[in-house]
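Trainee: I have a model open and would like to go through it with you. Can we start at the metal site?
Mentor: Fine, put it up.

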Amino acid sequence: MIYIKSKREIDLMKEACKLTALAHKEIEKAIRPGISTLELDKIAEKVIRENNGVPAQKGYPGPDKYTPNFPASICASINDEVIHGIPSNKVILKEGDIISIDLVAYKDGFNGDAARTYIVGKGSKEDQKLLEVTKQAFFEGIKFAKKGYRIGDISNAIGEYVKENGFSVVKEFQGHGIGRSMHEDPGIPNYGKPGKGPKLEPGMTLAIEPMVIAGKSSILMLDDGWTIVTEDGSNSAHYENTVLITEKEPEVLTLG
Ligand code: MG
């Protein structure tokens, strides 16, 4: 079931999303060679809690009963890690790494979800292109995040743009509705046929999130039960925002 948010609920969503954007800005400022992903995690947790929010990923249940709950406030995924990397004091950023940060701030009953990928220092041309294509895929997708279109129109625009640029989308994970829960209906794949899926209506709030692999689409899960990596070892990028469907143009709520 897809929840259509009221004006009051949308106002609360906007506050959670602003806090998500603020935490991303603080992390972006801190990214440099020599910093650990655990330090980035602490920065995010501090800014979220100081602003009366809660880092929603911390304690999030694992995919099965054998996997411990997610232990950190952000997902920090380096190079060939696609999503759900666990911050650690042993993971130290180096010049030329790419790092994807996915974080969800929860405030006054609502969630804001966004992901960014950064190059540490000066990266390769290939990585620069990977990041640009991943980000632009989101903006290609939201050209269809409008009343009257369907979820499949967003999915198709993202998937086709990524393919045209010689990269692959992840098929096993997808975007999602968001609101009181971090994950709500509908699912939003990063590939698919136009004209399919639920119709978009004003008041829907959607986390749209291209996950792009420089090489082949196949992924693996590491033994920690969380971290998803590319099977061929190629790099991967992630770009996500929480988007409000309106009567006219979509509003991107997590750009700050
Ligand atoms: Mg996310």
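Trainee: Are Asp113 and Glu240 buried or exposed?
Mentor: Both Asp113 and Glu240 are buried. Keep in mind that this is a predicted model.

Trainee: Which protein atoms are the donors of the magnesium ion?
Mentor: The protein donors are OD atoms of Asp102, listed twice, an OD of Asp113 and an OE of Glu240. They lie 2.0 to 2.7 Å from the ion. Along the chain, the donors follow the spacing D-x10-D-x126-E.

Trainee: Where in the chain do Asp113 and Glu240 sit?
Mentor: Asp113 is in strand β5, residues 110-119. Glu240 is in the loop between β13 (236-238) and β14 (241-244). The two are 127 residues apart, so the pair links distant parts of the chain.

Trainee: Let's stay with β5. How many bridges join β4 to β5?
Mentor: There are 10 bridges, and the two strands run antiparallel. One bridge pair is Ser100 with Thr117 in β5. The hairpin of β4 and β5 has 2 residues between the strands, and Asp108 there takes a positive phi near 45°.

Trainee: Which other strands are joined to β4?
Mentor: Among them are β1 and β2. Strand β1, residues 54-55, is joined to β4 by 2 bridges and runs antiparallel to it. Val54 stands opposite Tyr106 in β4. Strand β2, residues 75-78, is joined to β4 by 4 bridges, again antiparallel. In that pairing, Ser77 has Ser100 as its bridge partner.

Trainee: Ser100 turns up twice, then?
Mentor: Yes. Ser100 is the bridge partner of Ser77, and Ser100 also has Thr117 in β5 as a bridge partner.

Trainee: Why is β4 described as largely enclosed by the rest of the structure?
Mentor: Because 9 of the 10 residues of β4 are buried.

Trainee: Switching to sheets. What is the strand order in the open sheet of 3 strands?
Mentor: The order is β3-β12-β11, and the pairing is antiparallel. The edge strands, each pairing on one side only, are β3 (81-83) and β11 (219-221). Direction ignored, neighbouring strands in this sheet are turned by 40° against each other on average.

Trainee: And how many bridges are there between β11 and β12?
Mentor: β11 pairs with strand β12, residues 228-230, over 3 bridges. Ile219 has Thr230 in β12 as its bridge partner.

Trainee: Now the pockets. How much space lies in the largest pocket?
Mentor: About 480 Å³. Of the 26 residues that line this pocket, the closest to its centre are Tyr60, Ile83, His84, Phe173 and His183. The elements that give two or more residues to the lining are β4 (98-107) and β7 (175-177). By type, the lining divides into 12 nonpolar, 10 polar and 4 charged residues.

Trainee: What about the second largest pocket, how much space lies there?
Mentor: About 200 Å³. The lining includes Glu28, Arg116, Thr117, Tyr118, His238, Tyr239 and Leu255. The split is 5 nonpolar, 3 polar and 4 charged.

Trainee: Which element gives the most to that lining?
Mentor: Helix α3, with 4 residues. α3 (125-142), β5 and β13 each supply at least two residues. Thr117, which we met as the bridge partner of Ser100, is one of the residues lining this second largest pocket.

Trainee: Back to His84. What is its phi near?
Mentor: Phi of His84 is near 65°, a positive value in a residue other than glycine. His84 is found in the loop between β3 and β4. At a relative accessible area of 21%, His84 is partly exposed. The cut-off for buried is under 20%, so His84 does not count as buried.

Trainee: Is Asn52 buried or exposed?
Mentor: Asn52 counts as exposed, at 64% relative accessibility. Phi of Asn52 is also positive, near 60°. The residue lies in the loop between α2 (37-50) and β1.

Trainee: Last one. Which residues does the cis peptide bond join?
Mentor: Asp185 and Pro186, with omega about 0°. Pro186 is found in strand β8, residues 184-188.

Methods: Residues are numbered from 1 along each chain as its sequence is written. This is a predicted model: local features need pLDDT of at least 70, side-chain atom pairs count only at pLDDT 80 or more; totals for chains, interfaces and linings use all residues. Side-chain values use heavy atoms; hydrogens and water are left out. Donors are N, O and S atoms within 2.8 Å of the metal (3.2 Å for Na, K and Ca); water is not among the atoms, so sites may look incomplete. Buried means under 20% relative accessible area, exposed over 50%, partly exposed in between (1.4 Å probe, protein chains only). On a 1 Å grid over the protein atoms alone, a cavity is a set of points where a 1.4 Å probe fits but cannot get out, and a pocket is an open set with protein on both sides within 12 Å along at least five of seven lines; lining residues have an atom within 4 Å of a point. Grid points are joined across faces, edges and corners, and a volume is the space filled by probe spheres set on the points. Ala, Val, Leu, Ile, Met, Phe, Trp, Tyr, Cys and Pro count as nonpolar, Asp, Glu, Lys and Arg as charged, and the others, Gly among them, as polar. Two strands pair if DSSP finds at least two bridges between them. Axes are lines fitted to C-alpha atoms, for helices over the stretch in contact, and angles run from 0 to 180 degrees between N-to-C directions.
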